[in-house]
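Me: I should like a close examination of a single part of this chain, with its surroundings described afterwards. Please treat the matter in one connected account, and give the numerical values.

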Amino acid sequence: MVDYDEAIKYLGDFGKYQRRIYFALLLAAVTNGLHSLAYVFLAAIPEHRCYIPGLDSSDPQYDDIDFNGTLPYDDKRGEYSKCTYYARNYSNSWTSGEVGQWEEVTCDRWVYDTSQYKSTVTMDWDLVCDRSSLQALGNSLLAVGVGTGSVVFGDLSD
């Protein structure tokens with residue numbers, strides 16, 4: 001049986017070479033984990049609302065319109081709906097005083113708050129509301145790709 005203290009005396013103490021190897025491995029380990037953390041920022045879900053045809057401009061801003069009367073209010077959540085809006089001819093109804101029946105319609109386009117994030121995967125591919133499951137699928141596929149790449153390229157590197 002080998003005595004640990006005797007082996008250290010024979011090999012020598014933790015010196016310059018060991019410190020360089022340690023920091024090189026530390027650098028590789030830290031940068032290797034960044035791809036997992038990057039998805040948190042790349043696919044962040046910013047505040048969003050429906051694009052209201054006839055009311056929003058061609059280049060709308062997140063807080064341009066008054067939500068009252070355009071977006072249904074969700075009492076359970078205490079906020080305006082992010083996935084539906086009231087469909088009506090806004091250009092005529094506001095000026096003529098016409099009230100009429102309002103039909104709640106699912107959004108097909110969204111306006112995002114760009115004050116914190118200028119662009120994310122969520123904004124580029126509209127991964128909100130009914131398509132939010134695709135965001136989780138993207139994260140899962142990233143994990144599968146990392147796992148597959150580790151096995152394939154790990155064997156190739158040996």
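Reply: The part examined here is helix α2, which comprises the 27 residues 16-42. At 1.5 Å a residue this helix should span 39 Å, and its end C-alpha atoms are indeed 39 Å apart, so the expected and the modelled lengths agree. The model is a predicted one, and the values below should be read accordingly.

Agreement in span does not exclude a bend: α2 has a kink of about 35 degrees, centred on H35. The helix also coincides with an annotation. An unreviewed UniProt entry places the feature "transmembrane region" at residues 21-42. In the model, that span is 100% helix and 0% strand, and its end C-alpha atoms lie 32 Å apart. As a general point on helical geometry, residues three or four places apart point the same way, because an α-helix has 3.6 residues a turn.

The segment that comes before α2 deserves mention as well. Helix α1 covers residues 4-11, and it lies largely in the open because the number of buried residues among its eight is zero. G12 follows α1 and has a positive phi, near 105 degrees.

The wider setting is as follows. The chain contains five helices and six strands, and their order along the sequence is α-α-β-β-β-β-α-β-β-α-α. Of its 158 residues, 23% count as buried. The chain exposes about 11800 Å², of which carbon and sulfur atoms supply 57%. Among contacts with a separation of 6 or more, 49% are between residues 24 or more positions apart.

Beyond α2, several loop residues can be described individually. K82 lies in the loop between β3 (79-80) and β4 (84-87). Its relative accessibility is 17%, and K82 therefore counts as buried, the cut-off being under 20%. The side chain of K82 forms a polar contact of 3.0 Å with the side chain of E47. Leaving aside residues up to four places away in sequence, K82 touches E47, H48, R49, C50, C107, W110 and C129.

C129, one of those partners of K82, is itself in a loop, the one between α4 and α5. At 19% relative accessibility, C129 counts as buried. Phi of C129 is positive, near 55 degrees, although the residue is not glycine. D126 belongs to the loop between α4 (121-125) and α5 (133-157). D126 is likewise a residue other than glycine with a positive phi, in this case near 50 degrees. Its relative accessibility of 21% means that D126 counts as partly exposed.

E47, the polar partner of K82, also provides a reference point for S115. The C-alpha atoms of S115 and E47 are separated by 9.6 Å, while the two residues are 68 residues apart along the chain. S115 is located in the loop between β6 (110-112) and α4. With a relative accessible area of 60%, S115 is exposed. Its side chain makes a polar contact of 3.0 Å with the side chain of D113.

To return to the part requested, α2 is a helix whose end-to-end span agrees with expectation, with a kink centred on H35, and the UniProt "transmembrane region" at residues 21-42 is helical throughout in the model.

Methods. Residues are numbered from 1 along each chain as its sequence is written. This is a predicted model: local features need pLDDT of at least 70, side-chain atom pairs count only at pLDDT 80 or more; totals for chains, interfaces and linings use all residues. Side-chain values use heavy atoms; hydrogens and water are left out. Helices (H or I, at least four residues) and strands (E, at least two) are DSSP runs, numbered from the N terminus. Buried means under 20% relative accessible area, exposed over 50%, partly exposed in between (1.4 Å probe, protein chains only). A polar contact is a pair of N or O atoms within 3.5 Å; within protein, one must be able to donate a hydrogen and the other to accept it, and residues adjacent in sequence count only if both atoms are side-chain atoms. Contact means heavy atoms within 4.5 Å. Accessible areas come from the Shrake-Rupley method with a 1.4 Å probe; for residues, only the protein chains shown count as cover. The expected span of a helix is 1.5 Å times one less than its number of residues. The bend at a residue is the angle between axes fitted to the seven residues ending there and the seven starting there. UniProt positions are given in the numbering used here, feature names are shortened, and annotations may be inferred rather than shown by experiment.
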